[in-house]
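Q: Hey, could you walk me through this protein? I'm new to reading structures, so plain words please.
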Amino acid sequence: AVGDVAMAQSDFDLNPGQWATLRRLLHPQAQVWGALARERGTVAVRLSGADFVQALQRPDPRPMQECELARELRRYGATAQVYSRVRSDREAGSAPYTGVNSLQWQLGPQGWQLLSLQFALDLPGDPLPAAGECLRF
């Protein structure tokens with residue numbers, strides 16, 4: 001189940017069953033946090049899990065595909081953390097950008113559910129490597 005949401009992140013063109021799986025994997029109080037580098041510094045964003053799903057479902061004129069390049073999984077009892085380096089590609093010919101995702105999971109009566117997702121994009125002057133093959137599930 002922990003890998004299921006990673007797959008869902010990677011492919012925003014989901015069928016209705018996959019959207020239902022993504023919603024089920026989100027804890028009712030799930031939060032998504034992000035850090036976006038801007039000209040005047042880093043901007044923090046926060047969304048509820050439900051708002052995150054709605055944002056993913058909005059049509060975007062510049063389609064994006066994201067893939068994991070590296071992943072670390074740590075688990076202790078009913079708690080798990082997934083830390084991954086990702087590459088996001090927009091339209092052909094544009095440079096990809098990279099970042100990291102940190103996902104915190106909790107095992108409960110509903111199975112594994114995502115409590116929080118924190119993402120950070122490349123920092124100016126400190127880019128992550130974009131080279132590598134996408135992980136396969």
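Q: Which side chain does the side chain of N101 make a polar contact with?
A: The partner is the side chain of E66, at 3.4 Å. Keep in mind that we're looking at a predicted model.

Q: OK, and where does N101 lie?
A: N101 belongs to strand β5.

Q: Is N101 buried or exposed?
A: N101 is buried, and its relative accessible area is 5%. Residues count as buried under 20%.

Q: And E66, which strand is that one in?
A: You'll find E66 in strand β3. E66 is buried as well, with a relative accessible area of 13%.

Q: What polar contact does the side chain of E66 make with S88?
A: That one is between the two side chains, at 3.1 Å. So the side chain of E66 has polar contacts with S88 and with N101, and the N101 one is 3.4 Å.

Q: How far apart are E66 and Y97 in space?
A: Their C-alpha atoms are 9.5 Å apart, while in sequence E66 and Y97 are separated by 31 residues.

Q: Let's zoom out. How many helices and strands does the protein have?
A: There are three helices and six strands. Starting at the N terminus, the order is α-α-β-β-α-β-β-β-β.

Q: How much of the protein is buried?
A: Of its 137 residues, 30% are buried. As for the outside, the protein exposes about 8,700 Å², with carbon and sulfur atoms supplying 54% of that.

Q: Which residues of helix α3 are buried?
A: In α3, which covers residues 49-57, they are G49, F52, V53 and L56.

Q: Where do they sit around the helix?
A: Look down the axis of α3 and its buried residues fall within an arc of 100 degrees, so they line one face of the helix.

Q: What about the largest nonpolar core, how many residues has it got?
A: It has 17 residues. The ones with the most contacts inside the core are W19, L22, L103, W105, L114 and L117.

Q: Which elements supply that core?
A: At least two residues come from each of α2 (16-25), β1 (26-38), α3, β4 (79-89), β5 (97-108) and β6.

Q: Take L114 then. What is it in contact with, leaving aside neighbours within four places in sequence?
A: With those set aside, L114 is in contact with L25, L26, H27, A30, L103, Q104 and W105.

Q: What share of contacts comes from residues 24 or more positions apart?
A: They account for 51% of the protein's contacts that have a separation of 6 or more.

Q: New topic: how many disulfides does the structure hold?
A: It holds one disulfide. C67 and C134 form it, and their sulfur atoms are 2.1 Å apart.

Q: What does that pair tie together?
A: C67 is in strand β3 (residues 65-76) and C134 is in the segment after β6 (111-121), so the disulfide ties together parts that are 67 residues apart in sequence.

Q: Is the link left-handed or right-handed?
A: The link of C67 and C134 is left-handed, with -65 degrees about the S-S bond.

Q: Last one: is C67 buried or exposed?
A: C67 is buried, at a relative accessible area of 9%.

Note on methods. Residues are numbered from 1 along each chain as its sequence is written. This is a predicted model: local features need pLDDT of at least 70, side-chain atom pairs count only at pLDDT 80 or more; totals for chains, interfaces and linings use all residues. Side-chain values use heavy atoms; hydrogens and water are left out. A disulfide is a pair of cysteine sulfur atoms within 2.5 Å. Helices (H or I, at least four residues) and strands (E, at least two) are DSSP runs, numbered from the N terminus. Buried means under 20% relative accessible area, exposed over 50%, partly exposed in between (1.4 Å probe, protein chains only). A polar contact is a pair of N or O atoms within 3.5 Å; within protein, one must be able to donate a hydrogen and the other to accept it, and residues adjacent in sequence count only if both atoms are side-chain atoms. Contact means heavy atoms within 4.5 Å. Accessible areas come from the Shrake-Rupley method with a 1.4 Å probe; for residues, only the protein chains shown count as cover. The arc is that of the directions from the helix axis to the C-beta atoms. A nonpolar core is a set of buried Ala, Val, Leu, Ile, Met, Phe, Trp, Tyr and Cys residues joined through side-chain atoms within 4.5 Å.
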